[in-house]
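Welcome! Take a moment to look over the sequence and the model, and then read on for a short tour.

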Amino acid sequence: MVINVVYEIRHGLDPLGDAYTRILSPQERRPLGQTFTPPEIIESMVSWASDQGEPVRIVDPGAGSGRYLLAAARAFPSAALIGADIDPLSTLMLRANIAAAGLSERASVVLGDYRSLDLPDIDGRTLYIGNPPYVRHHQISPDWKAWLISTARNRGLKASGLAGLHVHFFLATAEHSRPGDYGAFITSAEWLDVNYGSLVRDLLLDGLGGESLHVLDPKASPFADATTTGAITCFKIGEKPEAIAVRRVGAVGDLGRLGLGHPVSRQRLAEANRWSVLTRVTPKLPEGYTELGEICRVHRGAVTGANKIWVHRDGDVDLPESVLFTSVTKARELFGAGDRLAAASGLKCVIDLPVDLDVFDAAERKLVDRFLRLAKKLKVQEGYVAANRKAWWSVGLRDAAPVLATYMARRPPAFVRNDIEARHINIAHGLYPRQDLDTSTLDNLASYLRSAVTLGQGRTYAGGLTKFEPKEMERLPIPSLESLRGGDFVGSGSAAAMD
Ligand SMILES: C[S@@+](CC[C@H](N)C(=O)[O-])C[C@H]1O[C@@H](n2cnc3c(N)ncnc32)[C@H](O)[C@@H]1O
């Protein structure tokens, strides 16, 4: 029996870990987040690590029975091995596995908390690889929450006391590591979207050096006893990535060597407070195409909170010219404009007062005060939107966007060049180039979008209305910037038909 167990361990199996998960129920293992990783996932992550070169040391944070440590030890026969786990029984299994696999000479096991692990300085790179525990914040002590917040603050980052333990492990890794080190973790995908995950997102953009992100669909059941969306994060310490490759993987068998993914630029990642939308399955981009979001930000127009107060026909209201902005206030104005919004006639204006009313001279201020008195009588300042603005009287219109788009209709969006620099309210989106684009490039962009975008690319709601949220619009495929500049993109509709 013992001989059999040793034989299995030497051949890459984990009979002790398997027995442990049979003896202890998932509920009993939950407080320490003890879910052991299936071999296919470990294999993919270790293969990725091999593609990055040879580490001098391997650290497995929350090593459990040592599945990662042993697999990585086989791939890197001269690396020193460190496995840390807070659970004495796990470290016993880990020691037994290390001994049976004949790795005792180069392995050390630390019984303790990964966050306070003391790693000696070495010459050469360390690989951090593993499956940090998933433990909710309710089970994290106030001392460790304070550690998270102050350690993040020292790096100029914000952290939340609501963060799960996997977030603590990412931060601890950033702390333990040195530029040149690298790593791959599988965790729950939660941090991609929740507020407390912003710390991991910030770290990956700066310090932890995110390289790629592979989101495993829940139906792929990455873990036998936990229904969760898993995310594998590959990172290179000290790098400030220009882009992170992201992808969704439907089945564990499709993971491969983790070299694939669709690059999402640093700017877009930094702006997005939810990353999962950026990993959604998009139609495969054909050669020479990119996503609209790589070239433009898409922003919905401001919500006035009370159009009958803030939106007027020209000449309807006696206020200084400087606070009246010709604006698109109805989707039909864009549908009716055709390719270009070339005249202000027919458009209304939006009153957009500055937050600081002292900028007006006495005569202007009189007009403004009279208007505000009237608005107050109508209790405008008590409305939800107005009450939550910096100043209730200041709508805060966005700058004029060179291309305006409708986003909710029973027909594809209108993409209109905004020749008259009209502002827009929340019935339209503005497309704001991330860099200066000349007129003909903008014309080509709008013209491509008009001809290529179909209703099928939006989200259709009951009743048949199709909607494109700003982040969804940013996912639309468009020809590359070079093609748009040269006007040499082929045929309309070719890319848009890819959904
Ligand atoms: C998700 S399991 C992963 C086990 C193993 N690496 C695997 O993938 O099969 C997480 C492990 O972290 C350990 N753990 C929980 N809290 C820890 C902490 N604060 N420091 C170190 N290890 C911890 C648990 O005991 C558990 O073994």
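What follows is a walk from the whole chain down to a few of its parts.

This is a predicted model, in which local features need pLDDT of at least 70 and side-chain atom pairs count only at pLDDT 80 or more, while totals for chains, interfaces and linings use all residues. Residues are numbered from 1 along each chain as its sequence is written, and side-chain values use heavy atoms, with hydrogens and water left out.

**The whole chain**

Let us begin with the overall view. The chain has 19 helices and 23 strands; helices (H or I, at least four residues) and strands (E, at least two) are DSSP runs, numbered from the N terminus. Along the principal axes, its C-alpha atoms fill a box of roughly 90 × 55 × 45 Å. Of the 499 residues, 52% are buried, where buried means under 20% relative accessible area, exposed over 50% and partly exposed in between (1.4 Å probe, protein chains only). The accessible surface comes to about 23,000 Å², and carbon and sulfur atoms account for 52% of that surface; such areas come from the Shrake-Rupley method with a 1.4 Å probe, and for residues only the protein chains shown count as cover.

Contacts, meaning heavy atoms within 4.5 Å, often link distant parts of the sequence: among those with a separation of 6 or more, 74% are between residues 24 or more positions apart. The structure holds zero disulfides, a disulfide being a pair of cysteine sulfur atoms within 2.5 Å.

**A covered strand and its partners**

Now turn to strand β7 (residues 230-236). Seven of its seven residues are buried, so β7 is largely enclosed by the rest of the structure. On one side lie G230, I232, C234 and K236, and on the other A231, T233 and F235, all of them buried. C234 has a relative accessible area of 0%.

Strands pair if DSSP finds at least two bridges between them. The pairings of β7 are set out here.

| Partner of β7 | Bridges and sense | Residue opposite T233 |
|---|---|---|
| β5 (residues 182-188) | seven bridges, antiparallel | F185 |
| β6 (residues 210-216) | six bridges, antiparallel | L213 |

**A helix packed nearby in the list**

Helix α9 (residues 198-205) is mostly covered, with six of its eight residues buried. Those six are L199, V200, R201, L203, L204 and L205. They pack against several elements, including β6, β7 and α10 (266-271). After α9 comes G207, with a positive phi near 115°.

**A small open sheet**

Which order do the strands of the open three-stranded sheet have? The order is β17-β22-β21, with antiparallel pairing. β17 (408-409) and β21 (459-460) stand at the edges with a single partner strand each, so one side of each has no neighbour in the sheet. Two bridges join β17 to β22 (residues 466-467) in the antiparallel sense, and M408 has K467 of β22 as its bridge partner.

**One loop residue**

Is F360 buried or exposed? F360 counts as buried, at 11% relative accessibility. F360 is found in the loop between β15 (348-351) and α15 (362-377). Leaving aside neighbours within four places in sequence, F360 is in contact with P320, S322, V323, L353, P354, R365 and V368. The C-alpha atoms of F360 and G33 are separated by 61 Å, with the two residues 327 apart along the chain.
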